[in-house]
Structures are given as structure tokens and as C-alpha cells.
Amino acid sequence: MGEEIFVSPKKRGRIAVFLSGRGSNFRAIHEAVTAGRINASISLVFSNVETAPGLLTARESGLEALYLNPKLFPSREEYDKQAIREIRKRDVDLVCLAGYMRILSPHFCREFKNRCMNIHPALLPSFPGLHVQKKAIDWGVRYSGATVHFVAEDVDMGPIILQAAVPVLQEDTEETLAARILVEEHKIYPHAVHLFFEGRIEVRGRRVFIRDA
Ligand code: GRF
């Protein structure tokens, strides 16, 4: 059997952003959309946390913001199926996880294969999971950074789209390193979304090729 090749669509698209917290990556994407640097609109900002500051920001910006209470669903899959219904209703082409602190069900990952991105504050596959800036410092690495990747069933292990490295300094704390990485997150996440809707992202197996790079 030949290798399956995915190429992102070159079109004016629709984005759903999923978040659970402050939403600075959402704001970076929104700014890029507003400035015309991403050929898409944000059709939905979705959260599993009612009080997420990012959800409030979205509402204030006039975007549709939706909170879905996980406690109202019998399982992770049922919750995700409702989320999928909401996304499909709005004809969304790409889901951007931006600090969405809830593991997606295998069902969701399959339905949105190559159509769901995440940003992670480390150079994957090093330091998956949580508190990764502290883990990078404690391990003694000289460089860490940010990774934009497609979401796969293995958490933080999907195909890597873009990465940016930053030095880890001797005097770094978790907070100072996180801040240095965040600056890069805000550059590479909007850029990856831009490339997606330019039809320039090609996925072969677990490798991502940027066309006309
Ligand atoms: C970021 O560090 C991102 O890499 C991680 O969660 C954090 C979200 O921050 N997945 P924000 O809500 O986008 O400000």
C-alpha cells in the first residue's frame, strides 16, 4: 500500500480555537487573522472551563464563545462528540488547541486527523506532558522551545509542523523560561495556521513538508 499523503487546503478557511486558560496563543492567532496574515476567520472559541479568561476575551472581541460543561456528559467520547457537532455546525476546517487542558478522545483525534493543531512549550519529543519548562531546567538542557504539531492519539506525539528553539540560561526559573518560549509560540503558531490555509502543509507518514519553503 502506498503512503498516505495529506495536503492542507488552499482556501479561505474557518477556525475553531479550543482553550482552557489565559488564551495568549488564541490572541496571537486572532491578531494574525485580523491583520490578514491568515486566510481564515475564527468561527468558534470553545472551552471546557467556564471562567477561562481566553473565553472572555473572545466574547469581548465579538467572537462566538462556547463553554461546554464536561460534567454533563457520561464519557470523554460523548463530550467530544458534542464538541464535534458544534464544530461541524460551523463548517470548521481547522481546530487550534491553544492551552486546551483536556485530553481529546481517540474518536476526536481520528475525526480531525491533520485538521487539529496544538502548541506545546518544549521541543518535542522531549518533555511531553505538563510543567515542561521546569522539566527542561531540571534536566539541564541548553535549549528548549516551542512545537506546533498535529494532534494524534498519542498525546503530544503527532507530526511536527514548526519548532522554535530558545536558550535555557543558568539563571532561568520556570517563569523566565516560560516567558521566553511564549514569545516564540506567538510567532510560530499563527505562522503554522497561515501555512495551512495557503495549502503549503504536506503530511507524509509522520513527516511534515512545507511546500515552497
Ligand atoms: C502555552 O504555553 C502552550 O504552549 C500550552 O499551554 C499554554 C497556553 O497559554 N499548550 P495561553 O493560554 O495560550 O496563554
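Visitor: I would like to begin with a single residue and work outward, so in which helix does Ala-28 lie?

Guide: Ala-28 lies in helix H1, and please keep in mind from the start that this is a predicted model. With a relative accessibility of 12%, Ala-28 counts as buried, because the cut-off for that word is under 20%. The C-alpha atom of Ala-28 is separated by 5.5 Å from that of His-186, although these two residues are 158 apart along the chain.

Visitor: How should I read a separation in the chain beside a separation in space, and what is the C-alpha separation of His-149 and Gln-170?

Guide: The two numbers are best read side by side, one pair at a time. His-149 and Gln-170 are 21 residues apart along the chain, and their C-alpha atoms are separated by 28 Å. His-149 itself is placed in strand E7, which covers residues 143-150, and at 2% relative accessibility it counts as buried. Ala-40, in strand E3 (residues 40-47), offers two further pairs: its C-alpha atom is separated by 6.8 Å from that of Ile-15, 25 residues apart along the chain, and by 13 Å from that of His-191, 151 residues apart along the chain.

Visitor: Of the two residues in that last pair, is Ala-40 buried or exposed, and what does His-191 count as?

Guide: Ala-40 has a relative accessibility of 0% and therefore counts as buried. His-191, which lies in helix H6, counts as partly exposed, at 40% relative accessibility.

Visitor: How do I read a nonpolar core, and how many residues does the largest nonpolar core have?

Guide: The general idea is that, in soluble globular proteins, nonpolar side chains tend to be buried together. In this model the largest nonpolar core has 46 residues, and Ile-15, Met-117 and Val-193 are those with the most contacts inside it. The most is given to this core by helix H6, residues 174-197, which supplies nine residues. A second core, separate from that one, has 20 residues, among them Ile-87, Val-92, Phe-108 and Phe-112.

Visitor: Turning to the ligand, which residues surround the ligand?

Guide: Reading a binding site means listing the neighbours and then looking for contacts between particular atoms. Around the ligand stand Arg-22, Gly-23, Ser-24, Asn-25, Gly-99, Ile-119, His-120, Pro-121 and Glu-185. Helix H1 (24-34) and strand E6 (116-120) each supply at least two residues of this shell, and the space that the ligand takes is the largest pocket.

Visitor: Which atoms of Gly-23, Asn-25 and Glu-185 lie at a given distance from an oxygen atom of the ligand?

Guide: For Gly-23 it is a polar backbone atom, at 2.8 Å from an oxygen atom of the ligand, and for Asn-25 it is a backbone N or O atom, at 2.9 Å from a ligand oxygen. Glu-185 instead offers a polar side-chain atom, which lies 2.8 Å from an oxygen atom of the ligand. On its own the ligand has 360 Å² of accessible area, of which the protein covers 86%.

Visitor: Polar contacts can also join side chains within the protein, so with which side chain does that of Glu-202 make a polar contact?

Guide: The side chain of Glu-202 makes a polar contact of 2.7 Å with the side chain of Arg-204, and a polar contact of 2.7 Å also joins the side chains of Glu-202 and Arg-211. Glu-202 is placed in strand E9, residues 201-204, and it counts as buried, at 8% relative accessibility.

Visitor: How do I read the backbone angles, and what is the phi of Asn-114 near?

Guide: As a general rule, most residues other than glycine have a negative phi, and most peptide bonds are trans. Asn-114 has a positive phi, near 65°; its place is in the loop between helix H4 (106-111) and E6, and at 7% relative accessibility it counts as buried. Phe-127, also not a glycine, has a positive phi of about 55°, is found in the loop between E6 and H5, and is buried, with a relative accessible area of 15%.

Visitor: And which peptide bond is cis?

Guide: The bond from Leu-124 to Pro-125 is cis, with omega near 10°, and Pro-125 is found in the loop between E6 and helix H5 (132-139).

Technical notes:
Residues numbered from 1 in each chain as written. Predicted model: local features only at pLDDT ≥ 70, side-chain atom pairs only at ≥ 80, totals over all residues. Heavy atoms only, no water. Core = buried A, V, L, I, M, F, W, Y, C linked by side-chain atoms within 4.5 Å. Buried < 20%, exposed > 50% of the residue type's maximum accessible area, 1.4 Å probe, protein only. Helix = DSSP H or I, 4+ residues; strand = E, 2+ residues; numbered from the N terminus. Near = heavy atom within 4 Å. Polar contact = N/O pair within 3.5 Å; in protein donor to acceptor, adjacent residues only side chain to side chain. Areas by Shrake-Rupley, 256 points an atom, 1.4 Å probe, with all protein chains shown as cover. 1 Å grid on protein atoms, 1.4 Å probe; cavity = no way out; pocket = protein on both sides within 12 Å on 5 of 7 lines; lining within 4 Å. Sits in = over half its atoms within 2 Å of the grid points.
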